[in-house]
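Please find below a short note for a colleague who is meeting this structure for the first time. The points take up the surface, the core and the disulfides in turn.

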Amino acid sequence: MRAPGFLIFLFIAPIIAHTSHANELKPFTTDGCSMWMDGTLEQPNLWRHCCVAHDLDYWKGGSEEQRQKADENIQACVNEAQGSGMANYMYKNVRWGGSPYWMNYYRWGYGWDYLDGLWPRGYKVPTQDEQAQIDRLLPAAYQLIREDTQKNPPTTSSASSSSLNGTTSSNANEESPAK
């Protein structure tokens, strides 16, 4: 008889422990175009910059409208780099696969713990404390983006001027990672 109660405790204890601390933003990470190629065989980093800018928005998370804007931005960026076929394909896939309710490493708001208390974080505008965490970690995120650009140089001249100057960021008032 005690085994079921003990098993319930083992299941509930981590959830209770998780709710006792504030959600802390993890440092920004990017893998370029998660689960997809970063360009063509001839131009292997052709649209990687679009994905890195998209990752920055996804890392921070926010409202459903902010995610829609981030996904429209990657679509426009890839359209400029490669054309509408690839842009539309990638857009449809990020809309489906990037939901904040999927437990994957590339979901909307992936910088935050999946659970916010007892429930998935979902579409949540950062609180004042969370925005302060974002602001504190942004300089390191921009540095990582600069390093990624050096390791994976864009293969077109328009690449460095389109997404990394802030045009694909969901917040136009942020400092540009290219600075």
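Is M37 buried, partly exposed or exposed?

1. The model is a predicted one. In it, M37 has a relative accessible area of 41%. Buried is under 20% and exposed is over 50%, so a residue in between counts as partly exposed; M37 is therefore partly exposed. M37 is placed in the loop between α1 (2-19) and α2 (48-60).

2. M37 also belongs to a nonpolar patch on the surface, which it forms with W36 and Y89. Together, these residues have about 290 Å² of accessible area.

3. Turning to the interior, the largest nonpolar core has 29 residues. The members that touch the most others are F28, W47, L56, W59, I74, V78 and M90. Two or more residues of this core come from each of the elements α2, α3 (64-81), α4 (84-97) and α5 (128-151).

4. F28 merits a separate remark. Apart from neighbours within four places in sequence, F28 is in contact with V52, D55, L56 and W59, and also with Y110, A141, L144 and I145. Of these partners, L56 and W59 are listed with F28 among the core residues that touch the most other members.

5. How many disulfides does the structure hold? There are two. With the bonded cysteines numbered in sequence order, they pair as 1-3 and 2-4. As a general reminder, a disulfide is a covalent bond between the sulfur atoms of two cysteines.

6. One disulfide joins C33 to C51, with an S to S distance of 1.9 Å. This link is right-handed, with 85° about the S-S bond. Because C33 lies in the loop between α1 and α2 while C51 is in helix α2, the pair ties together parts that are 18 residues apart in sequence. Both C33 and C51 are buried.

7. Another disulfide joins C50 to C77, with S to S at 2.1 Å. The torsion about its S-S bond is about -75°, so the C50 and C77 disulfide is left-handed. The pair links distant parts of the chain, with C50 in helix α2 and C77 in helix α3, 27 residues apart.

8. Are C50 and C77 buried or exposed? The relative accessible area of C50 is 1%, so C50 is buried. For C77 the value is 5%, and C77 is therefore buried as well.

Note on methods:
Residues are numbered from 1 along each chain as its sequence is written. This is a predicted model: local features need pLDDT of at least 70, side-chain atom pairs count only at pLDDT 80 or more; totals for chains, interfaces and linings use all residues. Side-chain values use heavy atoms; hydrogens and water are left out. Patches are made of residues with over 30% relative accessible area and no salt bridge: like charges are joined within 9 Å, nonpolar side chains (Val, Leu, Ile, Met, Phe, Trp, Tyr) within 5 Å. Accessible areas come from the Shrake-Rupley method with a 1.4 Å probe; for residues, only the protein chains shown count as cover. A salt bridge is a side-chain nitrogen of Lys or Arg within 4 Å of a carboxyl oxygen of Asp or Glu. Helices (H or I, at least four residues) and strands (E, at least two) are DSSP runs, numbered from the N terminus. Buried means under 20% relative accessible area, exposed over 50%, partly exposed in between (1.4 Å probe, protein chains only). A nonpolar core is a set of buried Ala, Val, Leu, Ile, Met, Phe, Trp, Tyr and Cys residues joined through side-chain atoms within 4.5 Å. Contact means heavy atoms within 4.5 Å. A disulfide is a pair of cysteine sulfur atoms within 2.5 Å.
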